[in-house]
Amino acid sequence: MDIRIDQPLWLLLLIPIIIYIAFTWKSSALKLKSRGMLLFVLRSFALILLVFALTVPYFNLKVEEEQVLFVVDRSISIDDGGLSADKWIAESLKYRNEKQSVGLYSFAKNFRTDTLLTDASVSVSVLEDIDEKDATDIAKAIDMATSVANKDFATRIVLVSDGNETVGSALDLLPKFSNGRIQIDTLLVDVATTNDASITVFETPKTSYSGEKQLLQVEIDSSSKTVGELYIYRNDLEVVKQTVELEPGNNAFSYRIDSAGEGLLKYEAKIIVDNDRFLENNRMLSVTIMESSPRVLIVETKRNPSNIPALLDQEAIDIDVVSAEELPENLSGYLGYGAIIFDNVPGHTVGENKMAMIEQAVKSFGTGFMMVGGDESFGLGGYFKSPIERILPVEMEVKGKEQLPSLGLMIVMDRSGSMSGQKIVLAREAAARSVELLRDDDTFGFIAFDHQVWDVIPVGPLGNKEEAIEKILSVPAAGGTDIFPGMKKAYEDLEDLNLQRKHIILLTDGQSPMPPDYEDVLSRGKEHNITMSTVAIGSDADVGLLESLAENGGGRFYDVVDESTVPAILSRETAMITRTYIEDNPFYMTLGNVPEWTSLFKEGVPEINAYIATTPKSTATIIGESPKEDPVIAEWMYGLGRTVAFTSDSSGKWGGDLARWSGYSDFWNTAIARLLPSYLEVPYIITHEQGGNYTVTDSSRQAAFLDIAIVDEAGKEVPFTSEPLAPGKVRVSLDAKPGLVFFGVTDDRGGLFEAGVSVPYSEEYKPLRANAALMEKIATQTGGIVLDSPADAFRSHPFKSAEKRPIAQWLILTAMILFFLDITLRRFGMFKGFGARRVPESNPESIPTTEDTVSELLKSKRKR
């Protein structure tokens, strides 16, 4: 045992204290036996004790305790090796002595505690799979293990792994264990060889031009001689299919194919082999950018074919026309276009998922977007609160307009068990949007049904919207399906109400028998001015019944395959009965001050017949305005992309003289010019480092700052962190699943760059042998050994543990007692007669009386 201190600098305070004590001693006339001397000593000693307390002193007591922490790799590359490791640990626990505490821990990408460090008996049990097994971070595992151990005791970490770290660097961490207190022993898990074929390289040209041959290169690593099927797809269409013979090791294949398509091309290579160990490493993606003219996507419907393609300069612009139902299912299908135009397209034919992808294309990659009006567009198209409304410069809600004097809306929603999951979530969201479109004094009711009727919001004036929305969003899914009682109640609730418009929206995904008199309910409803639209969700819905109900109920039928279209359907239904959106009085629009647009109308503005009323957003630029101050043409920037709203239509029905005007073609070509992004050719290089790390570099070294956005193929933003390395150079660390992600890069010079980047599968799926060299380095650099015998895990540790026993509190307590004694001595004294002057005892007889004193005075006076 010895005494040590942690903060010796506080001892410097003793210098002025000793000088003060010496000066006071020398300048005072204290005697050895005086009370003042004792008080002086008490105070000086107490002050010195306080200074020593500040140095954090402690007794260093030698102890025999040791800690052994088993840290076991549970990543995918270990596979069945983890079971043999558990058996080895169970065997080694037999050699543990009573002075050794044990803890069991698992790791892959993250660290998990299986058994807390304990002195009690420990057994190895069957464990659940660890989260995020597709990475191995040995450095984090070692660091976390040391943090849970007692920092004063001798510690041995038994690292059980194959040594194939895919994240971090264990060797960078080892210098912190140079004091010898922590040893790291390693147990190498040799992964058993199994049949596996993996694509290790898939390369396509970074850029290509129309008409040239593209070289596709594939490398496949195989653990054995086998035969497989190799497929290559371009934008999900098969371009190569070949039976390939694979030899053990690396196998290279190359193909030359004709260039086809435009914009961003997504290539995918896939190998299929029997009895393959991992399927995750059988697929790899690559991206090629086709250099060509700007591409514009025109979206139409069969009911409303677009007139715009015939008006555009097709020699300068490549134009694709698609039906709304055929829009791409992933983000890469939109990034090849410089601009997208919706020409009188209803939202329920698009769906929320595709709208979200278009939003990302505009926001993060500069794609332009334009919505053109018509009787199925804007508010009448069901875009209220949708991603498309977010990107447009106008809102679908008409604010401050004349509205219908009286309205009653009932929503009847299936809440049976089959509606659980995404169906019920979207149905509730759709109903909530409908509520937001209503006025506070509109009549509203909400009925949910399963095998019985739930009157969630009784019919009546809407009142508090927030309260109504909260009730709708809390409806769960459960029970069977019985449509008729809920529908009948909705009709009965609306029947006697004195309202100008009464409408029911019925949503269900199921089937149920209808009683013979259900048609009487519909007929009676017509007599009371009640209409009903129906929504069939999914393939199990009774389409025939719901279509018949809508037809006989005077409403519309929607057959929903894509559940994400449900919110747009209900928004559209509500909008059609709640507002008079169409302004059909011919007018001349008033122009704003945007030269690119106003220069078109130097000779006057043609008359327009009609438009859909919308409300401009606060930062929108109004290009053309109606006499009622409604926007006819408006634009703004949404993220990196420009969006335009044209609330009249492209045909002559609403456009009137504008559609017959000689400058009509110039009008649409100007719109396209405004939408197309201004790409600046910037030589950016995106290189892949280890794991999810990428470096974005401006090789021209002209950019000072880079702003980066990353999204996946579903249009969802990918979380990432960025670290500036130098001007025009940024390291990006992202957490994305294997597949394709899209980088949108902008710089301080106005440059805009987009690129598709393939995120490879984890290194865990690569055919790697155990890294014995790394495991040996970890052991030797920390004083440990590469284990073989289970008994060696509990051998005696060379470092002798010591336990700190702080004594600062005892020094402070002693100083307080000394100060108390000081006060007590000064105020009361402590021992009788200690340090007091002796006073002679007085004799009562010798004390003079008053008379004697007066006599003595008179005698003295006479003598004078």
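Helices here are DSSP runs of H or I with at least four residues, numbered from the N terminus. The model is predicted.

**View 1. Ser 364 in helix α7.** Ser 364 lies in helix α7, which covers residues 352–365. Its relative accessible area is 4%, so Ser 364 is buried, the cut-off being under 20%. Leaving aside residues up to four places away in sequence, Ser 364 touches Leu 640, Ala 709, Val 711 and Gly 744.

**View 2. Helix α18, residues 664–675.** This helix has twelve residues. At 1.5 Å a residue, α18 should span 16 Å, and its end C-alpha atoms are 17 Å apart, so the two values agree. Which residues of α18 are buried? They are Tyr 664, Phe 667, Trp 668, Thr 670, Ala 671, Ile 672, Arg 674 and Leu 675. The aromatic residues Tyr 664, Phe 667 and Trp 668 are thus on the buried list together with Arg 674. An α-helix has 3.6 residues a turn, so residues three or four places apart point the same way.

**View 3. A nonpolar surface patch shared by α2 and α20.** Leu 47, Leu 50, Ile 812, Met 816 and Phe 819 form a nonpolar patch of about 400 Å² on the surface. Helices α2 (35–54) and α20 (808–828) each supply at least two of the patch residues. Which helix gives the largest share? Helix α20 does, with three residues.

**View 4. Leu 50 within the patch.** Leu 50 sits in helix α2 and is one of the residues of the nonpolar patch. Is Leu 50 buried or exposed? Neither label fits: its relative accessible area is 32%, and the partly exposed class runs between 20% and 50%, so Leu 50 is partly exposed.

**View 5. The stretch 831–839.** Across the chain the average pLDDT is 84, and 90% of the residues score at least 70. Over residues 831–839 the pLDDT is below 50. Beyond near neighbours in sequence, this stretch has two contacts in the model. Where pLDDT is low, the predicted coordinates should not be read in detail.

**View 6. The whole chain, for orientation.** The chain holds 21 helices and 41 strands. It has 864 residues, of which 49% count as buried. Taking contacts between residues at least 6 apart in sequence, 73% join residues at least 24 apart. The accessible surface comes to about 41,800 Å². Carbon and sulfur atoms account for 52% of that surface.

Notes: Residues numbered from 1 in each chain as written. Predicted model: local features only at pLDDT ≥ 70, side-chain atom pairs only at ≥ 80, totals over all residues. Heavy atoms only, no water. Patch = residues over 30% accessible without salt bridge, like charges linked within 9 Å, V, L, I, M, F, W, Y side chains within 5 Å. Areas by Shrake-Rupley, 256 points an atom, 1.4 Å probe, with all protein chains shown as cover. Salt bridge = Lys/Arg side-chain N within 4 Å of Asp/Glu carboxyl O. Buried < 20%, exposed > 50% of the residue type's maximum accessible area, 1.4 Å probe, protein only. Expected span 1.5 Å × (residues − 1). pLDDT = per-residue confidence, 0-100. Contact = heavy atoms within 4.5 Å.
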